[in-house]
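Please walk through this model strand by strand, then turn to the helix and the backbone angles.

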Amino acid sequence: MKKELVYTGKTKNVYALENGNYLLKFKDDCTGKDGVFDPGENSVGLTIEGVGDVNLRMSIYFFEKINAAGIKTHYVSADLKETTMEVLPAKVFGKGLEVICRHKAVGSFYRRYSDYIEEGADLPAYVETTFKNDEKGDPLVTKDGLIALNVMSAKQYDDIKVMTQKITAIVADDLKEKGLVLYDIKFEFGYDKDGNVMLIDEIASGNMRVYKDGKYVDPMTLSELFFAK
């Protein structure tokens, strides 16, 4: 099938397919700084051989599980030999929106609200949304803000929140079986031509903060632990 390059991303390239779907090509490039891997960085800092493969493997694993649970995603199929994933077409919200679900008060959440909560305290699958904007530091935006700015409808927000909490529970339960604790996880959502919300992008170790025996597990180690026999 013919494919046409439509977007070159930091960690993935996107191709348009003849059947109307898109193909994501996972790369070994990682975000980071000075040769050190950091999922929070905004530029490619290093190349780690095999990282595209493990990110795709984890994405396939979870997308298939989420689809089976009746939650809509853009996932169609994947080819591990080519490190590619075929996905349904989807529009992003605004210029890009990240949705975070938090089980523990750490990171930016703790920095913002440390007057009110202890670091590492439990959170009730707390959902927050941020605009993808490197220059403005990915600003937080509320449900009312998203509606007022015509980024999404109230129903779309409510659907995203419910889907986020369900998907996070699937991921957290799976990690728990492996002795791993999910602190928080970041997702991206889009919508189809009828406005229906779906999970898009990837579900990889670089998008989640995971601990084992009270110690942080870096994304590459997490991938190794996740797929350990």
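This is a predicted model. A convenient place to enter it is the pairing of β7 with β8 (residues 84-87), which is antiparallel and runs over four bridges. Within that pair, Ser77 has Glu86 of β8 as its bridge partner.

The two strands belong to an open sheet of five strands, ordered β1-β2-β3-β8-β7 and paired in the antiparallel sense. At its edges are β1 (3-8) and β7 (75-79), each of which pairs on one side only. From one strand to the next, the twist averages 25 degrees. Strands of a sheet are held in register with one another through backbone hydrogen bonds, in either a parallel or an antiparallel arrangement.

Helix α1 (residues 51-68) lies across three strands of this sheet, namely β3 (22-26), β7 and β8. Relative to β7, the helix runs at about 145 degrees. Its length can be checked against its residue count: at 1.5 Å a residue, the 18 residues of α1 should span 26 Å, and the end C-alpha atoms are 26 Å apart, so the two values agree.

Which residues of α1 are buried? They are Val51, Gly52, Val54, Asn55, Leu56, Met58, Ser59, Ile60, Phe62, Phe63 and Ile66. In an α-helix there are 3.6 residues a turn, so residues three or four places apart point the same way. Just after α1, Gly70 has a positive phi of about 85 degrees.

A second set of pairings lies further along the chain. Strand β10 (residues 97-104) pairs with strand β11 (residues 122-131) in the antiparallel sense, over seven bridges. In this pair, Ile100 stands opposite Glu128 of β11. Strand β11 is also joined to strand β12 (residues 140-141) by two bridges, and these strands too run antiparallel. There, Thr130 has Leu140 of β12 as its bridge partner.

Two residues in this part call for a look at the backbone. Most residues other than glycine have a negative phi. Ala125, however, has a positive phi, near 50 degrees. Ala125 is found in strand β11. With a relative accessible area of 17%, Ala125 falls under the 20% limit and is therefore buried.

Asp138 also has a positive phi without being glycine, again near 50 degrees. Asp138 is placed in the loop between β11 and β12. Is Asp138 buried, exposed or partly exposed? Its relative accessibility is 26%, so Asp138 counts as partly exposed.

Conventions:
Residues are numbered from 1 along each chain as its sequence is written. This is a predicted model: local features need pLDDT of at least 70, side-chain atom pairs count only at pLDDT 80 or more; totals for chains, interfaces and linings use all residues. Side-chain values use heavy atoms; hydrogens and water are left out. Two strands pair if DSSP finds at least two bridges between them. Axes are lines fitted to C-alpha atoms, for helices over the stretch in contact, and angles run from 0 to 180 degrees between N-to-C directions. Contact means heavy atoms within 4.5 Å. The expected span of a helix is 1.5 Å times one less than its number of residues. Buried means under 20% relative accessible area, exposed over 50%, partly exposed in between (1.4 Å probe, protein chains only).
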